[in-house]
Amino acid sequence: MTDDIVASVVRQWQAVNPELDTGPMELIGRINRCAALLQQAEDAPLRAAGLTRAEFDLLGAVRRTDRELTPGELARETFSSGAAVTKRLRVLQERGLVDRRSDARDRRVAHVRLTEEGRDLVDRLLPRQLAYERMVLSGLDEHSRTRLSTQLSELLVQLEGRIGGARR
């Protein structure tokens, strides 16, 4: 197996400080490097549709919950700040992909829903995006993908409980 960039960095640290426990660096460094590479690669179908991952995540949140959501709910669903959600919603509304309506009882509260065009876009784009992501992960066999997914889920649950705040 060919060394990855993290193995090279670890060897360099071990050369200058052999007593250093680089175990956490080996795992977290690889997770971070994979995340950075996936962020660069995974959004090709989204870019072709003129969307960012964050915009698609907002559209997807409304589609998968199958109900109107407030900007606050969208922020929680997409792990985004309220300001970021507001900015993205403005762009999506200008493109005709979402509608916003004020709450009848509290005009400060908005409710966001997909337009027909937004719903069609998500339904058309999600299978393409998943196929692209499947291709990106094709170097791993089914057993490896399942094992990795389980292990990452275990790590995520621990991190969410310790440093990520309340879980849903």
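Here a colleague asks a modeller how some labels on this predicted model are justified.

Colleague: Let's start with helix α4. Why is R53 called buried or exposed, whichever it is?

Modeller: Buried means under 20% relative accessible area. R53 has 18% relative accessibility, so R53 counts as buried.

Colleague: And what makes R53 and D57 a salt bridge?

Modeller: The test is a side-chain nitrogen of Lys or Arg within 4 Å of a carboxyl oxygen of Asp or Glu. The closest N and O atoms of R53 and D57 are 3.7 Å apart, so the pair passes. Both residues sit in helix α4, four residues apart, which is about one turn of the helix.

Colleague: Which label does D57 get for its accessibility?

Modeller: Partly exposed is the label between under 20% and over 50%. D57 has a relative accessible area of 29%, so D57 is partly exposed.

Colleague: E55 is found in helix α4 too. How do you know that E55 has no salt bridge?

Modeller: Look at the nearest side chain of opposite charge, which is R95, 4.8 Å away. A salt bridge needs the atoms within 4 Å, so E55 is left without one, although E55 is buried.

Colleague: Then what is E55 in contact with, leaving aside its neighbours within four places in sequence?

Modeller: The residues in contact with E55 are G50, R88, V91 and L92.

Colleague: Let's move along the helix. What makes R63 and D123 a salt bridge?

Modeller: Their side chains meet at 2.8 Å, N to O, and the limit is 4 Å, so the pair qualifies. R63 lies in helix α4 and D123 in helix α7, so the salt bridge ties together parts that are 60 residues apart in sequence. R63, at 22% relative accessibility, counts as partly exposed, and so does D123, at 37%. These two residues also belong to a network of salt bridges with D66 and R119.

Colleague: Where do E68 and R101 lie, and how many residues apart are they?

Modeller: E68 is in the loop between α4 and α5, while R101 is in strand β1, 33 residues apart, so this pair links distant parts of the chain. Their side chains meet in a salt bridge at 2.8 Å, N to O. E68 is partly exposed at 23% relative accessibility, and R101 is partly exposed at 36%.

Colleague: How many salt bridges does the structure hold?

Modeller: There are 13 salt bridges in the structure.

Colleague: Now the nonpolar side. Which residues touch the most other members of the largest nonpolar core?

Modeller: That core has 20 residues, and L51, L59, L74, L89, L92 and V98 touch the most other members. Helix α4 gives the largest share, five residues. As for L51, its contacts beyond four places in sequence include F56, L59, L92 and L125. In soluble globular proteins, nonpolar side chains tend to be buried together.

Colleague: Last topic: the domains. How is the chain divided?

Modeller: The chain is divided into domain 1 (1-44) and domain 2 (49-137). Six residues from domain 1 and five residues from domain 2 take part in the contact. The C-alpha centres of the two domains lie 34 Å apart.

Colleague: What area do domain 1 and domain 2 bury between them?

Modeller: They bury about 490 Å² between them, 52% of it on carbon and sulfur atoms. The count of salt bridges between domain 1 and domain 2 is zero.

Conventions: Residues are numbered from 1 along each chain as its sequence is written. This is a predicted model: local features need pLDDT of at least 70, side-chain atom pairs count only at pLDDT 80 or more; totals for chains, interfaces and linings use all residues. Side-chain values use heavy atoms; hydrogens and water are left out. A nonpolar core is a set of buried Ala, Val, Leu, Ile, Met, Phe, Trp, Tyr and Cys residues joined through side-chain atoms within 4.5 Å. Buried means under 20% relative accessible area, exposed over 50%, partly exposed in between (1.4 Å probe, protein chains only). Helices (H or I, at least four residues) and strands (E, at least two) are DSSP runs, numbered from the N terminus. Contact means heavy atoms within 4.5 Å. Lys and Arg count as positive and Asp and Glu as negative; His and the chain ends are not counted. Domain bounds come from an automatic or database domain assignment. Buried area is the accessible area (1.4 Å probe) that two parts lose on being put together, summed over both.
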